[in-house]
Protein chains: 2
Amino acid sequence: MTTTTAPDAAALTPPGLAERAAALDAADPLARYRDRFVPSPGLVAYLDGNSLGRPLRATRERLSGFVDDLWASRLIRAWDEGWMDAPTELGDTIGRVTLGAGPGQTVVADSTTVMLYKLARAAVGARPGRDEIVADTENFPTDRFVLEGIAAERGMTIRWIEPDPARGVTVDDVAGVVSERTALVLLSHVAFKSAFIADMPAITRVVHDAGALVLWDLCHAAGAVPVELDACGVDLAVGCTYKFLNGGPGAPAFGYVARELQGHLRQPVQGWMGAAEPFAMGPAYEPAAGIRQFISGTPPVVGMLPMRDMLALLEEAGMAAVRAKSIALTEFVIEAADQHLAPLGVRVASPRDAAVRGSHVTLEHPAFREATALLWRWGVIPDFRPPAGMRIGLSPLSTSFTEVARGLALVAEALRDPGV
Amino acid sequence: MTTTTAPDAAALTPPGLAERAAALDAADPLARYRDRFVPSPGLVAYLDGNSLGRPLRATRERLSGFVDDLWASRLIRAWDEGWMDAPTELGDTIGRVTLGAGPGQTVVADSTTVMLYKLARAAVGARPGRDEIVADTENFPTDRFVLEGIAAERGMTIRWIEPDPARGVTVDDVAGVVSERTALVLLSHVAFKSAFIADMPAITRVVHDAGALVLWDLCHAAGAVPVELDACGVDLAVGCTYKFLNGGPGAPAFGYVARELQGHLRQPVQGWMGAAEPFAMGPAYEPAAGIRQFISGTPPVVGMLPMRDMLALLEEAGMAAVRAKSIALTEFVIEAADQHLAPLGVRVASPRDAAVRGSHVTLEHPAFREATALLWRWGVIPDFRPPAGMRIGLSPLSTSFTEVARGLALVAEALRDPGV
C-alpha cells in the first residue's frame, strides 16, 4: 500500500548526510538569500527550480503595487513612462547580469518557442542558397519542432546530430556535419535532460568557420550558468525567464541578436512594436533600427514584472557566487546519490565533471515515474522526464543543502514504497 | 502660456450638459459596477478604455493571492492543476461571454500580432494555388504589417481596399475585390480609427462565395460589441484582451478557429504546447487535435490572470446591457460634441448611426495632438491618432456620463488654451 501521509524527512535523512548538509549550509555565503523567497507551506524540498523558479517576497509586493501605482494611476500614460521601453531595458539587464551581453542586443518578448521561430527564420533568411540546418536529437522538443516547421516551409534539410547522452554535443559532432550548405546551427548550452554544458566558444568558432550562424538556446543556463555571448562572438540566443530567472509561469522569453548582425537580419512576424515608428501608423512596415525590430506585438508588461526581482537579487549576489553554489549543490547531489541511492539501483546520468555540468542533476531509475508522483504528494518536488529520468534542479539562491538532503532521503523512501 | 494645473472640471462643465449626465447616471442600470474598479487618484475622466481597460479591485487581490496560493504553494504541480488548461478554458470563457463561440474554438496565447501571423499563415496555407490576400488601408498597422510580411514570404499579392473613412469597409468593397485568386480576407470588425462596425454576416458570406477564408480582427469589439462568430460562420478571428477585457497592459491575445476548419489548418510556429503530447518529448512534431494546435509556447499564466475578473463582470452584467450602455455613452459624446465642441471647430468622425458604431467616438481637430498632451496632464485621458483624431473610448462598466461630460468640458478648455 502506498504511503500517502508524508514521512518524516528529517528523521529519515541519514545522519552523516544531514551533518554534511548542515556544515555546507553553515559555510554558504549565499544562505541568507533564501529568506527572500515566499515560504511554501508543506514543502519539504523544491528540486525543480530549473523548471519553475520560486517567487520572491518582493514580487508579491511588486504585483499588487503595480495595479495601484502604475496601471490604475498612470493608465495609458505609463506607456510613455517606461512600459514601451521595458522589452529593451529588461533585455539589457538580463544581458548585463547573466549573458555577458552589452546593451542594445537583448529583448524580452513572446514565448521561447515564438522567439526561437523568429530568430531561426531570420537566420536562414540571411544565408540564402544554404539549405541545411544543424540540430541534435537530444534537444528540447520545442527547439526540434520549430526547426522541423521551418525546414518544411523553406524546403531545407535538418542534419541531426545524435549525441552521446553522457557527453552531449561536442565540437567534433558539430565539425562533422557543418559545411558550405549549413545556414544555421541550433544547440542548447545546457542540455535539458543531462545538464551537459556544450563548449560555446569552440562550437561557435566551428560554425563560423563554415560560414553559418549559430543560435544558442540558454533556457537551462540563464541565471545559473554564466555565459559570455559577446566574448564568444555568438550570433543569436534565446532563453527562458521562468526557470532560474523566477519570472513566474509562462513569463516571456528573451532573445539576443549580436549588434553587427542586426541590420542584416529580418524576422518574419512584422508588427507595429517592431516598426521604426509604432505610432506613426504609416502605410508600410519599416523595421526599427537595432534590437527593437525583433519585437512584434505589444510588450507583455504584467508578465515581465516578476523577473525584475530575481535579476536584482542575482546582481546583488553576483553570478560567480551563484555558479559556485550551483556547483556545490550538484556535487552534493551526486555524492549523496552515489552513497545512498546507488544501492537502490539509481544511476547518475549527468556529467561528473562540474565544469561541463549545469544546475541540475539527472538520476535514472525505472520506477521514477511512479516515485515522482508519490514525492509530489509528500512535498518533495523534482520532475520526471521520460523514459526514466528524475531531474534534481538546484536553484542556488533558494535552495539549501539540508533541503536537498531531506529531499533525496525521501527519494530513497519512495523507491522503497511498495506502491512504487 | 499653457495652464499646467488642472482646471476645475465640474465648474467648467456647461450646466445643461452636467444635468443631462446626472440624469443618465441616475437611470443607468450598470452604474453600480463602477465601484468594482480601482480608483485612480487625480483622474478626471478616463476616455481610453478602448486602448487599456482599468484594473478591477478583484484583480489586485487575485495577483497577490496567486503568488502565495498557487505559484509559491503548488509550484510546478499547478501545471497539472489548471495552468495547462488555462489557454483553452479561458478561451472558452471569452467565446461564451463575448464572441458567440461554442467551446473548443478559442484559445488565449501570444500577442495579437503573433496570433494574427499564425492564423493568417494557416489560412493561406489552406488555400494553395490562390495568390491574393484582401485587406484595407484603414486597418490597424500591425494587421497590415503582418500581411505584408506574409505576402512577401509566400509570393502573394495584397489587394488593398481603400474604404471611405466615413463608412468603413462595405460588403460592396469586398465583393469588388474577391475572386478565385483570393486566399484570405482580413478585416477589423470595429475600425480602430472611426469605430465603424463592418457587416460581419454579409461580408463573411461574400468571402465564402469566393471560396476564400475570412479572418476578423476583434480587438476593438471584444467585451464592448457582442459578435456571433458561430452564427455568422466565421472562419478565424483574433482579438485583444487588454482593451475592453481589462487584462492589463500587454495581456495575451485570443484566437478563434471554427471547429470544422481545425483539422485542415496548420499554423507555422510548431511548439511543444501545441503538440499532441507535450510531455512525451517525442522525436517529431505531431499537432494536437482541435484548438490546442494553435498554441506554440508555454502559456503566459501570470499575464492571463487579470482578464478573468473582467470576464466574470461582463458575464454578470450581460453583454446586451453592456452594449446598450456603450451606445448611450457614444450617443452622449456625439450630442455633447455637436453642442459644445463643434463651435470650436471639432468634427465628429465616427458614424452617427449607433448600429454601425463601436464603443468609441473619434473627434477631429487640427490642434488635437497638442490638446491631448495637455489633457493628460489635467487627468483627462483620451488618445490621439494621427493626423488629427482624438479617440473618446467608452468602457461601459467603468465609465459614467458625468465623467464623460467633465472630460469633454476640459477638451473644450484645452482647445481654448493659448499654448495649444
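Modeller: Let me start with a term: two strands pair if DSSP finds at least two bridges between them. Everything we discuss here comes from a predicted model.

Biologist: What makes strands E7 and E8 of chain B a pair?

Modeller: Four bridges join strand E7 (residues 236–239) to strand E8 (residues 253–257). Pairing asks for at least two bridges, so E7(B) and E8(B) meet the rule. The two strands run antiparallel, and B:Ala237 stands opposite B:Tyr256 in E8(B).

Biologist: Where do E7 and E8 belong in the sheet of chain B?

Modeller: They are part of an open sheet of seven strands in the order E2-E8-E7-E6-E5-E3-E4, with mixed pairing.

Biologist: Why are strands E2 and E4 of chain B called edge strands?

Modeller: Strand E2 (106–109) and strand E4 (157–161) of chain B each pair on one side only. Across this sheet, neighbouring strands are turned by 20° against each other on average, direction ignored. Helix H8 (residues 200–209) of chain B lies across strands E5 (182–188) and E6 (213–217), and runs at about 150° to E6(B).

Biologist: Let us turn to helix pairs. Why is H6(A) called oblique to H7(A)?

Modeller: The axes of helix H6 (residues 112–125) and helix H7 (residues 141–154) of chain A come within 10 Å and cross at roughly 40°. Angles under 35 degrees count as roughly parallel and 65 to 115 as roughly perpendicular. An angle of roughly 40° fits neither class, and therefore H6(A) is oblique to H7(A). Their crossing is right-handed. Among the residues of H6(A) that meet H7(A) are A:Leu116, A:Tyr117 and A:Val124, and on the H7(A) side they include A:Val146, A:Leu147 and A:Ile150.

Biologist: And how is H4(B) oriented to H10(B), roughly parallel or roughly antiparallel?

Modeller: Helix H4 (residues 86–99) and helix H10 (residues 307–317) of chain B have axes that come within 10 Å and cross at roughly 30°. The limit for roughly parallel is under 35 degrees, so H4(B) counts as roughly parallel to H10(B). This crossing is left-handed. Contacts here include B:Leu90, B:Ile94 and B:Val97 in H4(B), and B:Met307, B:Leu311 and B:Leu314 in H10(B).

Biologist: Why does A:Gln270 count as buried?

Modeller: Its relative accessibility is 8%, and buried means under 20%, so A:Gln270 qualifies. A:Gln270 is placed in the loop between helix H11 (259–262) and helix H12 (307–317) of chain A. Leaving aside neighbours within four places in sequence, A:Gln270 is in contact with A:Tyr285 and with residues of chain B, including B:Thr113, B:Phe145 and B:Val146.

Biologist: Which residues of helix H12 in chain B are buried?

Modeller: In helix H12 (residues 368–378) of chain B they include B:Phe368, B:Leu374, B:Leu375, B:Trp376 and B:Trp378. The buried residues of H12(B) pack against helix H4 (77–83) of chain A, together with elements of chain B, among them strand E10 (360–364) and helix H13 (401–416). After H12(B) comes B:Gly379, whose phi is positive, near 85°.

Biologist: How do you know what kind of axis relates chain A to chain B?

Modeller: A rotation of 180° with 0.0 Å of shift along its axis superposes chain A on chain B, with an RMSD of 0.0 Å. That is the relation of a two-fold axis. In chain A, the C-alpha nearest the axis belongs to A:Gly303, 2.5 Å from it. The same surface serves both copies: 100% of the contact residues of chain A recur in chain B.

Conventions: Residues are numbered from 1 along each chain as its sequence is written. Chains are lettered from A and ligands numbered from 1 in the order in which they are written. This is a predicted model: local features need pLDDT of at least 70, side-chain atom pairs count only at pLDDT 80 or more; totals for chains, interfaces and linings use all residues. Side-chain values use heavy atoms; hydrogens and water are left out. Axes are lines fitted to C-alpha atoms, for helices over the stretch in contact, and angles run from 0 to 180 degrees between N-to-C directions. Contact means heavy atoms within 4.5 Å. Buried means under 20% relative accessible area, exposed over 50%, partly exposed in between (1.4 Å probe, protein chains only). Copies are superposed by least squares on the C-alpha atoms of residues with pLDDT of at least 70 in both. Angles under 35 degrees count as roughly parallel, over 145 as roughly antiparallel, 65 to 115 as roughly perpendicular and the rest as oblique. A crossing is left-handed if the near helix is turned anticlockwise from the far one by less than a right angle, and right-handed if clockwise.
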